[in-house]
Amino acid sequence: MSAPAANSIAVIGAGSVGSAVAFSLLLRQVVPDVVLIDIDEDMCKAQVQDLSDATFLSNVRIRQGTLTDAQHAAIIIITAGAKQRPGDTRLDLIDRNLKILKSILSSLQPIRKDAILLIVANPVDILTLFAQKFSGLPKSQVLGSGTLLDSIRLKRILASRLNVADTSIHAFVIGEHGDSQCVAWSTATVHGTPLLKVLPLTGAERDEIATTTRMKAETIIRVKGFTSYGVAAVSARICEAIIFDHRQVLPLSHWREEFGCCLSLPAVLGRDGIISSFPIHLNDTEQKFLEASAESLKKVIGGYAEEL
Ligand SMILES: NC(=O)c1ccc[n+]([C@@H]2O[C@H](COP(=O)([O-])OP(=O)(O)OC[C@H]3O[C@@H](n4cnc5c(N)ncnc54)[C@H](O)[C@@H]3O)[C@@H](O)[C@H]2O)c1
Ligand SMILES: *[C@@H]1O[C@H](CO)[C@@H](O)[C@H](O)[C@H]1NC(C)=O
């Protein structure tokens with residue numbers, strides 16, 4: 001088999017999420033070569049066979065690979081890990097998924113020096129922090145999909161209320177991709193006009209929208225057992241911004257010195273990964289919510305201090 005292209009993307013974990021991520025990368029033609037990897041080789045092979053029926057649309061090569069292939073990839077996406085069962089929080093997955101992450105990252109050594117590691121498996125903020133440690137890459141090259149998905153869910157709700165396109169709304173969910181997340185209402189705008197001026201929501205209405213956003217995964221998982229399309233689309237967007245050095249500002253999980261953990265706040269994304277954090281002006285209430293979100297993440301991290 002030919003050597004992997006310099007700008008290949010490796011997707012580790014070929015389950016519901018990994019296969020959907022590969023499909024979205026293929027449709028968007030983000031790179032010419034996508035490698036899918038799973039410990040369950042038969043299942044991975046079947047996913048690749050199924051995906052290969054779609055490559056006629058874009059001429060992207062999809063193939064089954066090994067962790068050695070991933071060592072040469074420009075972007076390595078980690079979706080391997082247990083998923084939430086109905087009623088599980090994302091934090092319930094940590095024991096299993098931390099072990100999986102550690103074993104994968106030790107097998108990836110030596111990792112390409114300019115590789116970007118995108119963590120998708122949950123709990124994404126915690127795993128992103130540990131991936132920074134285990135991978136040995138600069139922290140700026142290891143990021144998590146974080147609350148980009150939650151922000152997109154929020155924008156969808158607001159856009160339908162206002163009957164405008166999602167892309168005309170700038171609104172962010174920040175903090176943990178999980179139960180302690182918060183909406184930065186005071187910074188939300190519609191084409192530059194404060195959101196709450198064009199859509200005067202009461203406190204109760206804001207809480208309801210925030211809850212619907214936060215609970216959306218759980219609502220879907222209760223019926224179909226997993227979520228995949230949203231996170232797949234989000235992963236494709238992140239990879240595009242990296243490969244094409246877009247410098248797009250996106251809410252992503254990344255290392256924040258002032259909080260001492262990884263959580264989602266707006267960041268500038270490009271070929272080198274997180275180019276910089278982008279400032280956000282929260283009001284006092286929101287700042288306190290963000291700090292509480294960081295505290296709850298750090299409490300969990302504290303329980304795994306021997307790993308750090
Ligand atoms: N960040 C997000 O927004 C988001 C959204 C949805 C799901 N997720 C998370 O993504 C993860 C995957 O979910 P899923 O529905 O695809 O689960 P899944 O069970 O369908 O797939 C997980 C795959 O990982 C593989 N795997 C396990 N250990 C491995 C190893 N050491 N090396 C290679 N592969 C390994 C399994 O064989 C399985 O195929 C979960 O942690 C889930 O919570 C994150
Ligand atoms: C800050 O914004 C929130 C909405 O996110 C609002 O509920 C709160 O009253 C505001 N607080 C201050 C101090 O202005």
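This talk goes through the side-chain pairs and the two ligand sites of the structure above. The model is predicted, and I will keep to what can be computed from its atoms.

I start with the salt bridges. The count comes to twelve salt bridges, and I will show three of them.

The one to look at to begin with joins Glu240 and Arg28, whose side chains meet at 2.6 Å, N to O. This pair links distant parts of the chain, since the two residues are 212 apart in sequence. Glu240 belongs to helix H9, residues 229–243, while Arg28 belongs to helix H1, residues 16–28. Is Glu240 buried or exposed? Glu240 has a relative accessible area of 7%, so it counts as buried. Arg28, on the other side of the bridge, is partly exposed at 49%. The cut-off for exposed is over 50%, so Arg28 with its 49% stays in the partly exposed class.

Now stay with Glu240. Its side chain also meets that of Arg237 in a salt bridge, here at 3.4 Å, N to O. Both residues sit in helix H9, three residues apart, which is about one turn of the helix. Arg237 is partly exposed, with a relative accessible area of 34%. Through these shared partners, Arg28, Arg237 and Glu240 are joined into one network.

The third example is Arg222 with Glu218. Their side chains form a salt bridge with an N to O distance of 3.9 Å. The cut-off is 4 Å, so this pair still counts. Arg222 and Glu218 share helix H8, residues 203–224, and are four residues apart, about one turn. Arg222 counts as exposed, because its relative accessibility of 52% is over the 50% cut-off.

Next, the rings. How many aromatic pairs does the structure hold? There is one aromatic pair. Phe130 and Phe134 make up that pair, with 5.9 Å from centre to centre and 35° between the planes, and the arrangement is tilted. Both residues lie in helix H5, residues 124–135, four residues apart, about one turn of the helix. Phe130 and Phe134 are both buried.

One further ring has a charged side chain over it. Lys139 lies over the face of Trp255, 4.8 Å from the centre of the ring.

That leaves the ligands, beginning with ligand 1. There are 26 residues around ligand 1, and those that come nearest are Ser16, Val17, Asp38, Ala82 and Val120. Three of these residues can be described by their polar atoms. A polar backbone atom of Ser16 is 3.0 Å from an oxygen of the ligand. In Asp38 it is a side-chain N or O atom, at 2.6 Å from an oxygen atom of ligand 1. For Val120 a backbone N or O atom lies 2.8 Å from a nitrogen of ligand 1. On its own ligand 1 has 860 Å² of accessible area, and the protein covers 87% of it.

Which residues surround ligand 2? They are Trp185, Arg206, Asn283, Thr285 and Glu286. Asn283 has a polar side-chain atom 2.3 Å from an oxygen of ligand 2. An N or O atom in the side chain of Arg206 is 3.0 Å from an oxygen atom of the ligand. The side chain of Thr285 places an N or O atom 2.7 Å from a nitrogen of ligand 2. Taken alone, ligand 2 exposes 370 Å², and 54% of that is buried by the protein.

Technical notes. Residues are numbered from 1 along each chain as its sequence is written. Chains are lettered from A and ligands numbered from 1 in the order in which they are written. This is a predicted model: local features need pLDDT of at least 70, side-chain atom pairs count only at pLDDT 80 or more; totals for chains, interfaces and linings use all residues. Side-chain values use heavy atoms; hydrogens and water are left out. Buried means under 20% relative accessible area, exposed over 50%, partly exposed in between (1.4 Å probe, protein chains only). Rings of Phe, Tyr and Trp (its six-membered ring) pair if their centres lie within 6.5 Å; planes under 30 degrees apart count as stacked, over 60 as edge-to-face and the rest as tilted. A charge sits over a ring if NZ of Lys or CZ of Arg is within 6 Å of the ring centre and within 35 degrees of the ring normal. A residue is near a molecule or strand if one of its heavy atoms lies within 4 Å of it. A polar contact is a pair of N or O atoms within 3.5 Å; within protein, one must be able to donate a hydrogen and the other to accept it, and residues adjacent in sequence count only if both atoms are side-chain atoms. Accessible areas come from the Shrake-Rupley method with a 1.4 Å probe; for residues, only the protein chains shown count as cover.
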